[in-house]
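Student: Could you take me through one part of this model up close? I'd like to look at the cavity and what is built around that spot, with the cut-offs spelled out.

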Amino acid sequence: MDNQSQDSVLLDVVIAVHTPDRPVERAVASLVAGGLPTHPNGQQRLRINVVCHNTEVEPIRARVAAEHQPLVRFLHYTDGIKSPAGPFNHGISRATGTWVAIMGSDDSVEAGALARWVESAEDERADVLIAPMAHAGGGTIRTPVVRPTRRAGLDPVRDRLSYRTAPLGLMRLSLVRGLGLIFPTDYATGEDQSFSAKLWFSGARISYGRGLPRYLVHDDAQLRVTQTPRPVTEDLAFATDLVATDWFAGLKPGSREALVTKLIRVHVFGHVMLRAQAGTWNATDASLMAAVLRQLLFKAPLAARPLSLADRQLLDAVARGEADAGTMAGLAAARRRFTSPWTWMPRSLPHVLHPEAPLRFMSASALV
């Protein structure tokens, strides 16, 4: 691990801002209150990199309080792409601190978060500290589904790290650069999946900030880039491309299965539910989603085994190309009816105690 001198930036935070109406001033103010004061010799311990993406700098600069601006570096970046990948890459490329972090312009952190995160990461000699998350209006975000009481030396499979898609928290900059990690810019959504997957399965020492101040997700923005409706093929291109890489092929079977189980549970089922409940699910969606599922399971044939009986009913419907929106909406709702034993037991009984099986997954999730 590299050591950062006392008279240089300790943490670079990168915020991507896509339009001047984003409440970036709230994000900046929370970081300033994060507990990393300027060093007594006047050197910054924290640098906030606000990347103004495909938009002018001055309207965004005007939003940030004058007293906070000495800690802010405004960067202009234009690529003509509606994705946070480019500005995040640009901000990270300009970082020099021991630690680097990314942040959404709509979001914030709880008071003292940065100091507590750095202290915990350094005490545990971590390369990555995964920040605990919550909705700003209340409610814990229960990802990743870490084993109860675990904080340091996390295992990507047993601690289900792939369920934290966005690498929010602290990352050692030397690790990010050593792994050559970048956010791909050619996806409409899911641009953080390959970055985080390669981070979690890199062999780095990873900690979870259990009990530390949280990263807060706000839902008051008029439009989040990642919530724009898109066709099935665009929404899931990141997943099918990921499992086709040499990197994925080089993982151990258990790691490949863990990633594909997550892709099915969160992304395949999630997109089915959104379309089916909206009544837009149709034969084209059904055919395309069935093809996506075949590609995923071809690369990890055992990934479906830990899924619940209710999950498997929906999975079977996707596999056969079920085109009726009402049928799919009913199956999608049934898999989330957690009072039903069908959501607690896997079809494959030998997998009942698998880390991804409902009994262990939901128990661990309740304790996050």
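Tutor: Here is the cavity, followed by the strands and loops that go with it.

Some ground rules come before that. This is a predicted model, so to speak: local features need pLDDT of at least 70, side-chain atom pairs count only at pLDDT 80 or more, and totals for chains, interfaces and linings use all residues. Residues are numbered from 1 along each chain as its sequence is written, and side-chain values use heavy atoms, with hydrogens and water left out.

On confidence (pLDDT is the predictor's own score for each residue, from 0 to 100), the protein chain has a mean of 92, and 94% of its residues reach 70 or more. Residues 1–7 are below 50, and that stretch has 16 contacts in the model beyond near neighbours in sequence, a contact being heavy atoms within 4.5 Å. Residues 221–228 also stay under 50, with 17 contacts beyond four places in sequence. Where pLDDT is low, the predicted coordinates should not be read in detail.

Now the cavity. The search runs on a 1 Å grid over the protein atoms alone, and a cavity is a set of points where a 1.4 Å probe fits but cannot get out; lining residues have an atom within 4 Å of a point. Points are joined across faces, edges and corners, and the volume is the space filled by probe spheres set on them. The count is 1 cavity of 30 Å³ or more, and the largest cavity has a volume of about 50 Å³. Its lining is made by Val13, Leu31, Ala101, Ile102, Met103, Val109, Leu114, Trp117, Gly169 and Tyr215. Strand 4 and helix 4 (113–123) are the elements that give two or more residues to this lining, and strand 4 gives the most, with 3 residues. (Helices are DSSP runs of H or I with at least four residues, strands are runs of E with at least two, and both are numbered from the N terminus.) By class, the lining has 9 nonpolar residues, 1 polar and no charged; here Ala, Val, Leu, Ile, Met, Phe, Trp, Tyr, Cys and Pro count as nonpolar, Asp, Glu, Lys and Arg as charged, and the others, Gly among them, as polar.

Next, the pairing of strand 4. Two strands pair if DSSP finds at least two bridges between them. Strand 4 (residues 99–104) is antiparallel to strand 9 (residues 169–172), over 2 bridges, and Trp99 stands opposite Arg172 there. Strand 9 is also joined to strand 6 (residues 128–130), antiparallel, by 3 bridges, with Leu129 partnered by Leu170.

Val109 and Tyr215 from the lining lead to another sheet. This one is open, with 4 strands in the order 5-11-7-8 and mixed pairing. Strand 5 (108–109) and strand 8 (140–141) are at the edges with a single partner strand each, so one side of each has no neighbour in the sheet. Strand 5 pairs with strand 11 (residues 215–217) in the antiparallel sense over 2 bridges, and the bridge partner of Ser108 is Leu216.

Two backbone oddities round this off. Most residues other than glycine have a negative phi, and most peptide bonds are trans. Arg125 has a positive phi, near 50°, and sits in the loop between helix 4 and strand 6. Thr143 and Pro144 are joined by a cis peptide bond with omega about -5°, and Pro144 lies in the loop between strand 8 and strand 9.

Technical notes:
On a 1 Å grid over the protein atoms alone, a cavity is a set of points where a 1.4 Å probe fits but cannot get out, and a pocket is an open set with protein on both sides within 12 Å along at least five of seven lines; lining residues have an atom within 4 Å of a point.
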